[in-house]
Amino acid sequence: MLFTLIRRFIETVLLALCLFVSGFVGPVAQGAALDYTEPANWAYWQQGPEKSTDCFLICPTVFLGGEGQYNLTLANKQSKELQAFVGALNMERGIYDASCTMYAPFYKQVSLAVYKLPEVQREQYLQLAYADVREAFKTYLKQSRKPFVLAGFSQGADMCIRLLKEFGKDEAVSKRLVACYAIGWRVTETELKAHPWLKMAQSATDIGVIVSFNSESSAVQDSLMVPKGSKTKSINPLTWRTDNHYASALHNKGACFTDYSANIKKEEPYFCGAWLDAERGTLKINGKITPQAYPPVLDIFTAGVYHLYDYQFFYRNLQENVALRTSAYCNKL
């Protein structure tokens with residue numbers, strides 16, 4: 001039953017990705033950032049019931065691309081292929097929308113093909129994506145005065161960290177930040193020293209901090225997110241500790257496997273245990289998870305890299321934590 005669910009999930013993701021690629025072909029996207037005063041440039045705008053806190057959510061990579069197809073174009077906002085973009089957001093939305101009103105911009109994200117380029121060559125395409133994200137964020141800041149959660153997975157996490165590097169030193173922004181959930185990308189000690197206003201989470205309820213982790217098997221020593229020889233800063237979502245203390249599966253309140261309509265198709269408590277690797281800073285996982293049962297799917301990842309499942313494996317713990325941090329923020333006002 002579980003294998004069938006995983007297979008269907010993978011097939012759904014791949015189908016959506018293929019559909020998405022079919023609608024966005026051509027050269028690298030050019031031009032100025034999108035106009036985010038236009039509602040059509042938002043996947044979510046004030047979505048859900050009014051809450052005391054907002055969430056600015058940034059979509060992960062859904063565009064496959066290819067040689068010469070390194071940034072998503074958004075010429076046809078009515079295309080069915082944009083459902084893949086919204087669908088990827090929907091898969092994460094339930095972690096945040098119980099506590100927050102949702103905002104999420106469309107943007108000229110980089111394709112998976114960009115991550116096959118040498119790292120130094122990626123930046124020009126990532127900067128084009130970021131130009132949209134920063135413009136959307138500036139528009140959001142002008143339109144809302146509420147505290148906010150900043151959130152993103154994978155490429156979305158990278159964009160979140162870029163926003164905090166640029167805007168996080170501004171007190172008008174930092175005093176509104178509940179927390180930044182930058183899951184599935186690295187944050188290094190070098191970055192923290194270069195941007196001292198960036199603070200990593202140290203507990204379950206500290207605010208104005210970055211929550212980050214990257215899931216992998218105990219055998220993995222190299223990945224796209226955390227290359228061999230590097231170390232990322234992380235927190236264990238089962239215990240909200242930053243040491244390498246092992247947390248058993250009894251701490252896991254529920255892995256949730258969601259679809260592109262935000263439905264939870266399967267939920268399983270006590271799903272896996274986890275600990276932080278002292279050398280890599282990554283989140284090592286054991287329990288019911290094997291590289292065979294949860295394959296990397298995409299060829300930019302190797303077996304044992306559980307990147308695609310980062311938030312799904314810890315869905316209920318993350319959902320609960322967003323509520324805890326938003327409550328902690330409001331209680332300090």
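These are my notebook entries on one chain, read from a predicted model.

**Entry 1: the whole chain**

I began with the secondary structure. The chain has eight helices and 11 strands. I then looked up burial and found that 57% of the 333 residues count as buried. The accessible surface comes to about 13800 Å². Carbon and sulfur atoms account for 53% of that surface. Next I checked how far along the sequence the contacts reach. Taking contacts between residues at least 6 apart in sequence, 78% join residues at least 24 apart.

**Entry 2: the nonpolar core**

Which residues have the most contacts inside the largest nonpolar core? I found Tyr96 and Leu150, in a core of 107 residues. Helix 3, residues 119-143, gives this core its largest share, nine residues.

I followed Leu150 outward, leaving aside residues up to four places away in sequence. Leu150 touches Phe56, Ile58 and Phe137. Its partners also include Cys160, Leu163 and Leu164. Leu177, Ala179, Cys180 and Tyr181 are on the list too.

**Entry 3: Gly152**

I moved on to Gly152, which lies in strand 4, residues 148-153. Is Gly152 buried or exposed? Its relative accessible area is 2%, and the cut-off for buried is under 20%, so Gly152 is buried.

I listed its contacts, again without residues up to four places away in sequence. Gly152 touches Leu57, Ile58, Glu92 and Ala157. Cys160, Tyr181, Ala182 and Ile183 are further partners. I noted that Ile58, Cys160 and Tyr181 appear in the contact lists of both Gly152 and Leu150. I also checked Ala104, 48 residues from Gly152 along the chain. The two C-alpha atoms are separated by 9.8 Å.

**Entry 4: helix 4**

Cys160 led me to helix 4, which covers residues 155-167. Helix 4 has 13 residues and reaches 18 Å from its first C-alpha to its last. That is close to the 18 Å expected at 1.5 Å a residue. How many of its residues are buried? I found 11 of the 13, so helix 4 is largely enclosed by the rest of the structure. Among the buried ones are Ala157, Cys160, Leu163 and Leu164. Asp158 and Arg162 are buried as well.

**Entry 5: an open sheet**

Last, I traced a sheet of three strands in the order 7-11-10. The sheet is open and its pairing is mixed. Strand 7 (215-216) and strand 10 (272-276) stand at the edges. Each has a single partner strand, so one side of each is left without a neighbour in the sheet. Strand 7 runs parallel to strand 11, residues 283-287, and two bridges join them. I looked up Ser215 and found Leu283 as its bridge partner in strand 11.

How values were computed: Residues are numbered from 1 along each chain as its sequence is written. This is a predicted model: local features need pLDDT of at least 70, side-chain atom pairs count only at pLDDT 80 or more; totals for chains, interfaces and linings use all residues. Side-chain values use heavy atoms; hydrogens and water are left out. Helices (H or I, at least four residues) and strands (E, at least two) are DSSP runs, numbered from the N terminus. Buried means under 20% relative accessible area, exposed over 50%, partly exposed in between (1.4 Å probe, protein chains only). Contact means heavy atoms within 4.5 Å. Two strands pair if DSSP finds at least two bridges between them. The expected span of a helix is 1.5 Å times one less than its number of residues. Accessible areas come from the Shrake-Rupley method with a 1.4 Å probe; for residues, only the protein chains shown count as cover. A nonpolar core is a set of buried Ala, Val, Leu, Ile, Met, Phe, Trp, Tyr and Cys residues joined through side-chain atoms within 4.5 Å.
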